[in-house]
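Let's take a walk through a protein model together. Have a look at the picture first, and then we will go through it piece by piece.

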Amino acid sequence: MTTMLGTPQMSRRSAVDLGGGVSFAAGHHFTLDPTADLDQLVADSTGPLSVILQVTKRCNFDCSFCSETLQLPDPTLGQLERMRDHLKGVGRVFLSGGEPLLREDFGDVVDMFADEKFIVAVPTNATKGLAHARRIAGKVAFMNVGLEGPRATTTRVRGDYDQVMAGVRALKDAGLPLSLSAVVYRSTLTALPFTYQIADLLEAGKLKLILPLRKGNALDLDEKEFITEEEAAEAFGRLQELRAVHDWTPALRMTTWTPHNEGHMICVEPTGAVNAWPVYDAKDLFEPLGNVLKEPITEIWKRYRFKANHFAKYLGRSIRTTGHTEAVSA
Ligand code: SF4
């Protein structure tokens, strides 16, 4: 069986068949054919479903939960091209940061990956949305905008709400599909229904809830801001109820830091260094795997020990999900 190595066969706006029973759906998530065998999919895999590629470490925000710990020069377009060539076989690439839209040549970076049929998604604080929206429209599967809800909450824990929303409007006006991503503190739990309402108003494909990781700025967070697994389950259940009551359409997903999610992300730094992330007992939660300036991701994949967690998370088996179009999805 082949996995996720096929060329996407449909437009980015509709389902994309990645092989092995895995699809990327219009709701901005992967789905797995219910008859497919996940263990077999992992055993037969030759590369990741999804990677995070940091096209810059720079950012114009200083979020209270930011996990960035060091600054590095931006990779050149030539270096990014080499990384792209070594990432062949990956289904989706998050062109990430830092804040990726700070790169003036971000449109060229998107072209570089979209032209080679990668599914491109962009995590962003949206503040530079106006500068890039029209240039990248039609090439990006979704823009994943960080927002913790109403003005006071977003401005307190992330950065200027009005700057974010101005950028969000520019992205929306250009027709870019949106998802929202919110970091959950104990002090932001009461804002979550408003965040969901905003996601619904924006016709977002999904609202992703993530608990903070103990790295970077989050090391300075008050201990009481870290909720327990039980509180997370309760908050998710409450949002599920509200979703039904208010007929909100965005899918909902929540990632907590259990052993089943350890190391599930593959993060490529501006130097090409590839890391499993987060590895709970590793320095800076990064476990080094190799470098995509020097070797293909298919070689690096062989020494990645969190393959099962990677597939389980991205296929919705190890996180809370609701409202997706398939029974098994994320
Ligand atoms: S979390 Fe993202 S938007 Fe916030 S400071 Fe870090 S890189 Fe910037």
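**From one pair of residues to the whole sheet**

Start with a single pair: glutamine 54 stands opposite serine 96 in strand 5. Keep in mind as you look that this is a predicted model. Now widen the view to the two strands here. Strand 4 (residues 50–54) and strand 5 (residues 92–96) run parallel, and five bridges join them.

Step back once more and you can find the sheet they belong to. It is an open sheet of 11 strands with mixed pairing, and its order is 13-12-11-4-5-6-7-8-9-10-14. At the edges you will find strand 13 (287–291) and strand 14 (320–322), each of which pairs on one side only. From one strand to the next, the twist averages 20 degrees.

Next, look for helix 3 (residues 106–114). This helix lies across strand 4, strand 5 and strand 6 (119–124), and it runs at about 170 degrees to strand 5.

What about the nonpolar residues? In soluble globular proteins, nonpolar side chains tend to be buried together. Here, the largest nonpolar core has 104 residues, and Leu53, Leu95 and Phe113 have the most contacts inside it. Helix 3 gives the largest share of this core, six residues. Which residues does leucine 53 touch? Leaving aside residues up to four places away in sequence, its partners include Leu80, Met83, Leu95, Phe113 and Val268.

Finally, find the ligand. Around it are Cys59, Phe61, Asp62, Cys63, Phe65, Cys66, Gly98 and Asn125. By class, this shell has five nonpolar, two polar and one charged residues.

Terms used
Residues numbered from 1 in each chain as written. Predicted model: local features only at pLDDT ≥ 70, side-chain atom pairs only at ≥ 80, totals over all residues. Heavy atoms only, no water. Pairing = 2+ DSSP bridges. Helix = DSSP H or I, 4+ residues; strand = E, 2+ residues; numbered from the N terminus. Axes fitted to C-alpha atoms, helices over the stretch in contact; angles between N-to-C directions. Contact = heavy atoms within 4.5 Å. Near = heavy atom within 4 Å. Nonpolar A, V, L, I, M, F, W, Y, C, P; charged D, E, K, R; others polar. Core = buried A, V, L, I, M, F, W, Y, C linked by side-chain atoms within 4.5 Å. Buried < 20%, exposed > 50% of the residue type's maximum accessible area, 1.4 Å probe, protein only.
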